[in-house]
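Dear colleague,

Please find below the structure I am handing over to you. My notes on its ligand and on one loop residue come after it.

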Amino acid sequence: MKRALVTGITGQDGRYLSELLASKGYQVFGLIHGQANPKARMVMEENPGLELVEGDLRDLPSLIAAVEQVQPDEIYNLGAISFVQLSFKQAELTAEITGLGVLRMLEAVRIVGGTDNNPMRFYQASSSEMFGKVRETPQTEKTPFHPRSPYGVAKVFGHDTIVNYRESYDLHASSGILFNHESERRGLEFVTRKITNSLARIKLGLQEGISLGNLDSARDWGFAGDYVEAMWMMLQQESPDDYVIATGETHTIREFLEVAFRIAGYDSWESFVTHDSRFDRPAEVDLLLGDSSKARAKLGWKPKVNFEELVLRMYEADLAEETDQLKRGRR
Ligand code: GDR
């Protein structure tokens, strides 16, 4: 039975990935910090075979102990402060966890090691935010980075550290440069879920409108469930490498609003949306569009859920959830 250690197990991707790995027969271990982490119970209920291990990406000894205890075949480093806007307010903490956390995990792997015949394989969650003020469109593995937030800067540090450890110590360490990936499990602070959840509440008469920031930025949005498959595929390769994971389609926030409101049965969205400068960012990433030809050719990966289907499934899940809460008198 293969053993996988996943950091960020309570996040959207950690939850999809642990289900995928369990379905493939892995014993999955989730790194978790904090004694009374409220999300621990949720992930245990979703994935009863999961085992939780104490550890904190800020604390190398705890990571060494976790890797030593679990002896994983594969490590997926998904743990991060992942909300770009928050990273402007907590820049140092973001560098500490999203950036240095990668270095610490790699050090733990290097120190504990695997056997020569079975070295531990490492996946790093790199991000399209690294492209920031994009130098070319579409973006590929070769496009230079120009991050626009403390989060993006920290991810570039993590990404470069993966390359350096791969070259220095011959580690089987791969990076997935994942473009935005969403689902009904997305946190409510991210724009897609904020829109679908607010829209469901508007439909049920629980909310009047939505306050948003910049509507003109464009993102290459895919479905998170498809993207965790790419993570696993990368670690099944003979050699480690970096891969862009994206749909190859880009849409503005406006277009997301248009599709979502149309699905919900409205003719237009404009009268429901107001601008709130609190959601504007000091520096913005205007346009992301990924070219995932390498992953498609080498891994045989391709996205299964398209943009419209993604918006629909998120809206329907939010409508069902809000309706249920309403019936139970919780709204
Ligand atoms: P992003 O995702 O920053 O691309 O990073 P997010 O959904 O937060 O923002 C997308 C775009 O929407 C604009 N926007 C708003 N964003 C939020 N959150 N709230 C608003 O009210 C709002 N109004 C407009 C933003 O300015 C931005 O242009 C995500 C994260 O998951 C990262 O961790 C990950 O690495 C990248 O995707 C790929």
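The findings are set out below, beginning with the ligand.

This is a predicted model, in which local features need pLDDT of at least 70 and side-chain atom pairs count only at pLDDT 80 or more, while totals for chains, interfaces and linings use all residues. Residues are numbered from 1 along each chain as its sequence is written, and side-chain values use heavy atoms, with hydrogens and water left out.

The ligand is surrounded by 24 residues (a heavy atom within 4 Å), and Ser-82, Tyr-151, Ser-217, Arg-281 and Glu-284 are the closest. By class, this shell comprises 10 nonpolar, 7 polar and 7 charged residues (Asp, Glu, Lys and Arg count as charged; Ala, Val, Leu, Ile, Met, Phe, Trp, Tyr, Cys and Pro as nonpolar; the others, Gly among them, as polar). Because domain 1 (3-182 + 222-245) and domain 2 (191-219 + 250-287 + 306-330) both give residues to the shell, the ligand lies between them; the bounds come from an automatic or database domain assignment.

Polar contacts (N or O pairs within 3.5 Å) link ligand oxygen atoms to a polar backbone atom of Ser-82 at 2.6 Å, to a side-chain N or O atom of Ser-127 at 2.6 Å and to a polar side-chain atom of Asn-180 at 2.8 Å. Taken alone, the ligand exposes 710 Å², of which the protein buries 97% (Shrake-Rupley method, 1.4 Å probe).

Pro-147 is in the loop between β5 (121-127) and α6 (150-169) (DSSP runs, numbered from the N terminus: helices H or I of at least four residues, strands E of at least two). Pro-147 lies 34 Å from Gln-71, C-alpha to C-alpha.

Yours sincerely

Definitions and conventions
Polar contact = N/O pair within 3.5 Å; in protein donor to acceptor, adjacent residues only side chain to side chain.
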